[in-house]
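Open the model in a viewer and keep the selection tool at hand. The stops below go one by one, each with something to select and a note on what is there.

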Amino acid sequence: MTDPALSDPHHPFPAVGGGCAETLRAIDWTDHPLGDPIRWPAPLKTAVQIVLASGFPMMVHWGPELFTFYNDAYAPSLGRKHPGHMGQPARAWWSEMWNQLTPVFDQVLAGKTVFVENGRYTPDRDGVPKEAFFTHSHSPIWDVDGRVAGIFLVVTETTSEVVAKRDRDVANAQQLLLNEELAHRIKNTLSVVQALAQQTLNKVEDQEAVRSFGKRLTALAAAHDVLTRDQWSSAGLGDVAKGALATFGEDRFVLSGPDVIIGPRATLSLSLMLHELATNAAKYGALTAPDGKVAVSWTVTGDGDKDMLCLSWSERGGPPAIEPARKGFGSRLIRMGLTGSGGVTLSYGPEGLTVEATAPLYQVQEA
Amino acid sequence: MGQSQPLKRWPVLIVEDEPILRIDAISMVEDAGFEAVEAMSSADAVTLLEERLDIRLVYMDLDMPRSRKGIEIAAAIRKRWPPIEIILTAAYFTRESVSLPERAEFYPKPIDRFEIVDAMRRLMERPIAEAEAPAT
């Protein structure tokens, strides 16, 4: 009666199962509490056979001691426990993380299924407990009498994915920090450019020009600020307008329009354009009068298959607008428009200057 | 003596570790009509303030990586020498992102030098600072 089933050519057990089935067969079950496999309860035999035959990493724990069986697919990630631990109690298997696993086993033995995604464990595979991640499902196995007598485990190791994601998150955070650092360094460099210009040109007679340069540089820096908020990919049109006009007094402007995201190039040209318009308004237009105001509004309109962005600048409450005789760099900056390629009309009316700038939305939004 | 000289060149302390920006700040202070005193770090600044009791205005760059956090130094100056006016600048911060000491003014980089010169003159005209200036 030592091994009739194991040697029975008609009903071998386990029937299939590769190396782990061999390991199981080679065990001397005489002194093992489960005894000869031929006399194992049918549910245990079925469960073990399912596990051994599967190509997916699986394990069975059985009985109060949770005697443990696994398959070839699981073997490589078990380290030094394979093949010696085949048939051993779960406690001998997982002593290094017993406290973490006990609640799982208790729940499953109470009839519940426990599913954990990317759970962190510290299995001892080669002599040292080491962090590893697993997605696993522990579910009950019932004996013939309907009581839970074992646990069925399906598991996949996700350590490389979890670690890769963690590395990626760290790299992204570093990138973010680096971008911010770079943005600040750019602003610092603009300050140095500002100081160099000032000190180089301080004997030049036309100090007004030196000042204009400084202010344009400041407008450029304000555009950088807005762009830095979103990693230099895009900016809200309202934020860009606010940034460009902030130094001229917020209460002098009425901004209105839908949320529109614009690209970095349009952010720079729009900032410089608004800066020039506001500078002119402060010198000759609505901002020279105490009650003068500027309405800045924008709309997006569908034009066939392409949307058009239209931005309008209208000065009211100041002197009549008069077209300047001389068109300098400031005037050219204004005529650059939203994308740097025009689409601007200026109307010098008795009520004040009105400017309309139009461009296809996709051009405004591209990098 | 101060009362008889309305154009007294009061000293202004510049705290700036970037040499080009320091040169520019010195010229701003001189354009505003004051005497420039330089410090290259916040530690130097505190030492100078301890020695020069006539300093009435500090112009400080908050972006000094080798120094203690600039904003903390500014707060310490406000606490230790309440009458001293403070003008701050930075590239690393915006006006919204720093909590300024009381009465301190902030100008983001790159600064508009005319704005700073105006601010220096305006702050130095404050009567409270005049009244609390040390007698000579």
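**Stop 1: the sheet of chain B**

Begin with the strands of chain B: 5 strands form an open sheet with parallel pairing, in the order E2-E1-E3-E4-E5. The model shown is a predicted one.

Next, select residues 35-39 and then residues 105-108 of chain B, which are strands E2 and E5. These two strands stand at the edges of the sheet, and each has a single partner strand, so one side of each is left without a neighbour in the sheet. Looking across the sheet, the twist from one strand to the next averages 20°.

**Stop 2: one strand pair**

Stay with E2(B) and add residues 11-15 of chain B, which make up strand E1. E1(B) and E2(B) pair in the parallel sense over 5 bridges. To see one position in this pair, select B:Leu13 and B:Val37: B:Leu13, opposite B:Val37 in E2(B).

**Stop 3: a helix over the pair**

Now select residues 42-51 of chain B, helix H2. This helix lies across E1 and E2 of chain B and runs at about 160° to E1(B).

**Stop 4: where the chains touch**

Show both chains. Which residues are in contact? On chain A there are 18, and on chain B there are 15. Select residues 159-200 and 207-229 of chain A, helices H6 and H7: each supplies at least two residues of the side of chain A that touches chain B. H6(A) gives the largest share of that side, 11 residues. By type, the residues of this side of chain A divide into 6 nonpolar, 8 polar and 4 charged.

How values were computed
Residues numbered from 1 in each chain as written. Chains lettered and ligands numbered in written order. Predicted model: local features only at pLDDT ≥ 70, side-chain atom pairs only at ≥ 80, totals over all residues. Pairing = 2+ DSSP bridges. Helix = DSSP H or I, 4+ residues; strand = E, 2+ residues; numbered from the N terminus. Axes fitted to C-alpha atoms, helices over the stretch in contact; angles between N-to-C directions. Contact = placed C-beta atoms within 7 Å. Nonpolar A, V, L, I, M, F, W, Y, C, P; charged D, E, K, R; others polar.
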